[in-house]
Every structure is written in structure tokens, then in C-alpha cells.
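Me: I'd like a close look at a single part of this model, and a connected walk through it rather than a list. Here is what I'm looking at.

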Amino acid sequence: MREPMNGLAGSWVMFENEFRRMLRSRKFKVLFIVTFFPSLIYLISPNASGTGLASMLRSFEALMINLLPNYWLV
């Protein structure tokens, strides 16, 4: 006989089912594409400071250089 599920396990199963249903939905896929397609176009198109991806990587590295020491000092 199966053990009865406690509240936490039951809510996790419900969350997992809703998450899977959301990922399968057409509306989510359309919204995801509409949201991230312009970002993808920006990344692959050149801009004034160089190519989109190269300048984004440089700015990310600069940000991490500033944030990592602050993270370890706190």
C-alpha cells in the first residue's frame, strides 16, 4: 500500500504538472519567441561598439570583475 503524500510532496507534484503543461502550451512558446527573438537579432547584428555578442561578453566580464570581489567580501 502506498504511503499518503504529505503536503509538501503533493504541492511539488502539482507544481511540476503545471510547469510541464505550461512548457507544452502553444501560447508559452509564442510568447517565448516574441520575447527573445529581438534579443537574438541584437546579439548577431553588429553595432557601433563592435559585434553584439563580443561587446556583450566584454561588458559581462567587466561586470563580473567588479561583482565577484564584492560578493566574497560581504
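Which residues make the nonpolar surface patch of about 730 Å²? Take me through that part, and then through what surrounds it.

Reply: Keep in mind that this is a predicted model. The patch is made by Phe32, Ile33, Phe36, Phe37, Leu40, Ile41 and Ile44, and comes to about 730 Å².

Let's start with Phe32. Phe32 sits in helix H2, which covers residues 26–44. With a relative accessible area of 44%, Phe32 is partly exposed. That fits the patch rule, because a patch residue needs over 30% relative accessible area and Phe32 has 44%. Phe36 clears the cut-off too, since its relative accessibility is 46%, and that also counts as partly exposed.

Now the helix itself. H2 has 19 residues, and from first C-alpha to last it reaches 26 Å, close to the 27 Å you'd expect at 1.5 Å a residue. There is a bend on the way, though: a kink of about 35 degrees lies at Phe36, shortly before the proline Pro38. So Phe36, which is partly exposed at 46% relative accessibility, is a patch residue and also the place of the kink.

Phe36 has a ring partner as well. A pair of aromatic rings is described by the distance of the centres and the angle of the planes. The chain has 3 aromatic pairs in its count. One of them joins Phe32 and Phe36, with 4.8 Å from centre to centre and 50 degrees between the planes, which makes the pair tilted. Both residues lie in H2, 4 residues apart, or about one turn of the helix. Add Phe28 and you have one aromatic cluster of Phe28, Phe32 and Phe36.

From the other end of the patch list you can step across to another helix. Ile44 is one of the patch residues, and its C-alpha lies 9.6 Å from that of Ala54, with their positions 10 residues apart in sequence. Ala54 belongs to helix H3, residues 52–73. Ala54 is partly exposed, with a relative accessible area of 30%.

For a contrast in chemistry, go to helix H1. Side chains of opposite charge can pair when their charged atoms come close. The salt bridge count for the chain is 2. In one, the side chains of Arg20 and Glu16 meet at 2.9 Å, N to O. Those two both lie in H1 (residues 7–24), 4 residues apart, about one turn of the helix. Arg20 is partly exposed at 43% relative accessible area, and Glu16 is partly exposed at 28%.

The side chains of Arg21 and Glu18 form a salt bridge too, at 3.0 Å, N to O. Because they are 3 residues apart in H1, Arg21 and Glu18 are separated by about one helical turn. Arg21 counts as exposed, at 53% relative accessibility, whereas Glu18 counts as partly exposed, at 40%.

Finally, the whole chain. Its 3 helices and 2 strands run α-α-β-β-α from the N terminus on. Of its 74 residues, 3% count as buried. The accessible surface comes to about 7200 Å², and 72% of that belongs to carbon and sulfur atoms. That is the setting for the nonpolar patch of about 730 Å².

Notes
Residues numbered from 1 in each chain as written. Predicted model: local features only at pLDDT ≥ 70, side-chain atom pairs only at ≥ 80, totals over all residues. Heavy atoms only, no water. Patch = residues over 30% accessible without salt bridge, like charges linked within 9 Å, V, L, I, M, F, W, Y side chains within 5 Å. Areas by Shrake-Rupley, 256 points an atom, 1.4 Å probe, with all protein chains shown as cover. Salt bridge = Lys/Arg side-chain N within 4 Å of Asp/Glu carboxyl O. Buried < 20%, exposed > 50% of the residue type's maximum accessible area, 1.4 Å probe, protein only. Expected span 1.5 Å × (residues − 1). Bend = angle between axes of the 7 residues up to and from the residue. Phe/Tyr/Trp six-rings, centres within 6.5 Å; stacked < 30°, edge-to-face > 60°.
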